[in-house]
Amino acid sequence: PQFTSPEPGWRMAAYVELSTKAKMPIFGLGSWQAPPEKVGEAVKYAIDLGYRHLDCAHLYGNEEEIGNAIQQKIKEGVVKREDLFIVSKLWCNDHERSRVKKACQTSVAHLKVDYLDLYLMHFPMGYKAGEELSPKDENGMIIPSNTDFLDTWEAMEELVDCGLTKAIGISNFNHEQIERLLGKPNLKYKPVNNQIECHP
């Protein structure tokens, strides 16, 4: 990211230029824990206010409502698809290579767009594959997957090649996990970011 140092008259950059040369707006509307039947109104209001970065995820369970709101604003002529920077995330139960593309296609369909600007691996660890978002054993413990996130990453690289997303990234990775990914033999696409939750 390129930022100007604080000086008189200094202003924060409006966007970060990613390694793909895409411009990701600094401010975005997050949709985690956004209540049903209210998130769509929030998205429409945010777009009217000038927000262009929308942060979504399959886990949040509200991508269809967000997609309806996006389409309404496009039909009204407030924005064009290319004006928006739309992010979604691969959830842990879809880490198996055979499930990655379908998971991305589901988010794209729910959001009612042709592509994502950024698709993130939500967490580095996978859960048992299936429709259950948080599969648990008889003791209430999450059932992990044996899928290595490096294999998941290879499947995500294919999403860029087929045009489902313009870029891929990671979320909630620690330093060692990032180094392991960057050191992967035959790495085709580096992650363009690592999204983490922060409460200053």
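This short presentation covers the sheet, one helix pair, two buried residues and the cysteines of the structure shown above. Please keep in mind that this is a predicted model.

I shall begin with the sheet. Its six strands run in the order β3-β4-β5-β6-β7-β8, forming an open sheet with parallel pairing. At the edges stand β3, residues 28-30, and β8, residues 194-195; each has a single partner strand, so one side of each lacks a neighbour in the sheet. As a general reminder, strands of a sheet pair through backbone hydrogen bonds, in either a parallel or an antiparallel manner. Within this sheet, β5 (residues 85-90) pairs with β6 (residues 118-121) in the parallel sense, over four bridges. In that pairing, K89 lies opposite L120 of β6.

I turn next to the helices. Helix α1 spans residues 39-49 and helix α2 spans residues 63-75; they pack at an angle of about 35 degrees, and their axes are 8 Å apart. The crossing of α1 and α2 is right-handed. Which residues make the contact? From α1 they are V39, G40, V43, K44, I47 and D48, and from α2 they are E65, I66, A69, I70, Q72 and K73. By character, the residues of this contact comprise six nonpolar, two polar and four charged.

One of these residues deserves a closer look. K73 is located in helix α2. Is K73 buried or exposed? Its relative accessibility is 6%, and K73 therefore counts as buried. Leaving aside residues up to four places away in sequence, K73 touches K44, I47, D48, V78 and V79.

That list leads to V79, which is found in the loop between α2 and β5. V79 is also buried, with a relative accessible area of 4%. With residues up to four places away in sequence again excluded, V79 touches I47, R52, K73, I74 and L84. For a sense of distance across the model, the C-alpha atoms of V79 and P185 are 41 Å apart, and the two residues are separated by 106 positions in sequence.

Finally, the cysteines. How many disulfides does the structure hold? The number is zero. In general terms, a disulfide is a covalent bond joining the sulfur atoms of two cysteines. For C162, the closest cysteine sulfur is that of C104, at 7.3 Å, which is too far for a bond; the cut-off for a disulfide is a sulfur pair within 2.5 Å. C162 is partly exposed, its relative accessible area being 41%. C198, by contrast, counts as exposed, at 59% relative accessibility.

Terms used:
Residues are numbered from 1 along each chain as its sequence is written. This is a predicted model: local features need pLDDT of at least 70, side-chain atom pairs count only at pLDDT 80 or more; totals for chains, interfaces and linings use all residues. Side-chain values use heavy atoms; hydrogens and water are left out. Axes are lines fitted to C-alpha atoms, for helices over the stretch in contact, and angles run from 0 to 180 degrees between N-to-C directions. Helices (H or I, at least four residues) and strands (E, at least two) are DSSP runs, numbered from the N terminus. A crossing is left-handed if the near helix is turned anticlockwise from the far one by less than a right angle, and right-handed if clockwise. Contact means heavy atoms within 4.5 Å. Ala, Val, Leu, Ile, Met, Phe, Trp, Tyr, Cys and Pro count as nonpolar, Asp, Glu, Lys and Arg as charged, and the others, Gly among them, as polar. Two strands pair if DSSP finds at least two bridges between them. Buried means under 20% relative accessible area, exposed over 50%, partly exposed in between (1.4 Å probe, protein chains only).
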